[in-house]
Amino acid sequence: MRFRPRPQRSADDKARAADAEAAAAAALKVAADQTAKAPPDPTAAAFFDVDNTMMMGASIFYFARGLAARDFFQSRDLLRFGWQHVTYRVLGQENTDGIRDVKEAALAFVAGREVAEIVRFGEEIYDERMAERIYSGARALAEQHLDAGQRVWLVTATPVELASVIARRLGLTGALGTVSEVVDGRYTGHLVGEPLHGPAKAAAVRALAEREQLDLSRCWAFSDSINDLPMLSLVGHPVAINPDPDLKAVARERDWPIKDFRTARKAARIGVPTAAGMGALAGGVAAGMALRRRYIGATS
């Protein structure tokens, strides 16, 4: 039998792998303080994506709109968040470059801000804008795992401070999210590693399972996106929630459960008219800026 040599990994592949491992390590380090006492079923857990899985739309956009109302940035900045939100809400898609662009924009406007301040705003904005957008079906699934004595974690590209707020509000065990560099209690404007996305999510779940002595064959993972295939493939019980077309195809091929909690069945759409997409974006921007003016008026 002839053995073919393994293809060499490119420098870019090695760099991406290193970034993913760094992101996973940073997420796990932050999550160390979130671990609760061992539950009745200590070797099983459930891992939920956030955007379009636990929550309708993109959590970072709701957060950005809340900060716009508090005069953090201008309308052109909200447009950058708005376009990503339209992609999530209307097309039901995400991509690595788009997620990185949004995270970099977020880092730009929090650079120099105190972490405690951003966490406090996250608590307020969750109540104002996110609580009503939690999918009741996804929340019920998480509660079923909690009732069974299992830990439930959010695993998301969303900044870990915001992800932790969402987890606390839902009564979950904790959150693994994108970690920003902090010096003396303030954001520097840089990420630690890369956004917790794709392979980085799987690396973080694997590291958490090793630390918590979880049996991944007994664990569950829930996501809407084909980008989370590495995480879904890692566990014994993967579930597609509100899946994009690519994930739906994989789930059907592999006989994974599929659950859809959306009121409008957007997953079957290939695209939307440009006017509809831009109309949704303009409406979001207008609402955000109106709230910003209202906030300024109330505080002036």
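1. Two strands count as a pair if DSSP finds at least two bridges between them. Strands 1 and 2 clear that bar here: four bridges join them, and they run parallel. One of the facing pairs is Ala46 with Val152 of strand 2. Keep in mind throughout that this is a predicted model.

2. Now the overall picture. The protein chain has 300 residues, 51% of them buried, and its secondary structure amounts to 11 helices and eight strands. If you take contacts between residues at least 6 apart in sequence, 68% of them link residues at least 24 apart. The exposed surface comes to about 14,400 Å², with carbon and sulfur atoms supplying 52%.

3. On to the sheet. It is open, built from six strands in the order 3-2-1-6-7-8, with parallel pairing. Strand 3 (174–178) and strand 8 (258–259) are the edges; each has a single partner strand, so one side of each lacks a neighbour in the sheet. Pairing of this kind goes through backbone hydrogen bonds.

4. Strand 2 deserves a closer look. Strand 2 is joined to strand 3 by four bridges, again in parallel. Across that pairing, Trp153 has Gly174 as its bridge partner, while Leu154 sits opposite Ala175. How covered is strand 2? Nine of its nine residues are buried.

5. The largest nonpolar core holds 38 residues, and the members touching the most others are Phe48, Met54, Phe63, Met130, Leu154 and Ile166. Strand 1 (45–48), strand 2 (151–159) and strand 7 (237–241) each put in at least two residues, as do helix 2 (59–68), helix 5 (115–130), helix 6 (136–147) and helix 7 (160–170). There is also a second, separate core of 28 residues, with Leu214, Cys219, Leu232 and Leu234 among them.

6. Leu154 is a good residue to click on. Setting aside neighbours within four places in sequence, its contacts include Phe48, Val50 and Met54, then Ala163, Ile166 and Ala167. Leu172, Gly174, Ala175 and Leu176 are also in contact with Leu154.

7. Two helices are worth checking against the sheet and core. Helix 6 lies across strands 1, 2, 6 (220–223), 7 and 8, and runs at about 160° to strand 1. Helix 7 has nine of its 11 residues buried, so the rest of the structure largely encloses it. Polar side chains are in that buried set too, including Glu161 and Ser164, alongside residues such as Leu162, Val165 and Leu170. After helix 7 comes Gly171, with a positive phi near 75°.

8. In helix 2 I'd look at Ser59. Is Ser59 buried or exposed? Its relative accessible area is 0%, and buried means under 20%, so Ser59 counts as buried. Its side chain makes a polar contact with the side chain of Asp51, at 2.9 Å. Beyond residues up to four places away in sequence, Ser59 touches Val50, Asp51, Met130, Thr158, Leu162 and Ile166.

9. Phe61 is also in helix 2. At 4% relative accessibility it falls below the 20% cut-off, so Phe61 is classed as buried. Phe61 and Arg129 are 68 residues apart along the chain, and their C-alpha atoms are separated by 10.0 Å.

How values were computed
Residues numbered from 1 in each chain as written. Predicted model: local features only at pLDDT ≥ 70, side-chain atom pairs only at ≥ 80, totals over all residues. Heavy atoms only, no water. Buried < 20%, exposed > 50% of the residue type's maximum accessible area, 1.4 Å probe, protein only. Contact = heavy atoms within 4.5 Å. Areas by Shrake-Rupley, 256 points an atom, 1.4 Å probe, with all protein chains shown as cover. Core = buried A, V, L, I, M, F, W, Y, C linked by side-chain atoms within 4.5 Å. Axes fitted to C-alpha atoms, helices over the stretch in contact; angles between N-to-C directions. Polar contact = N/O pair within 3.5 Å; in protein donor to acceptor, adjacent residues only side chain to side chain.
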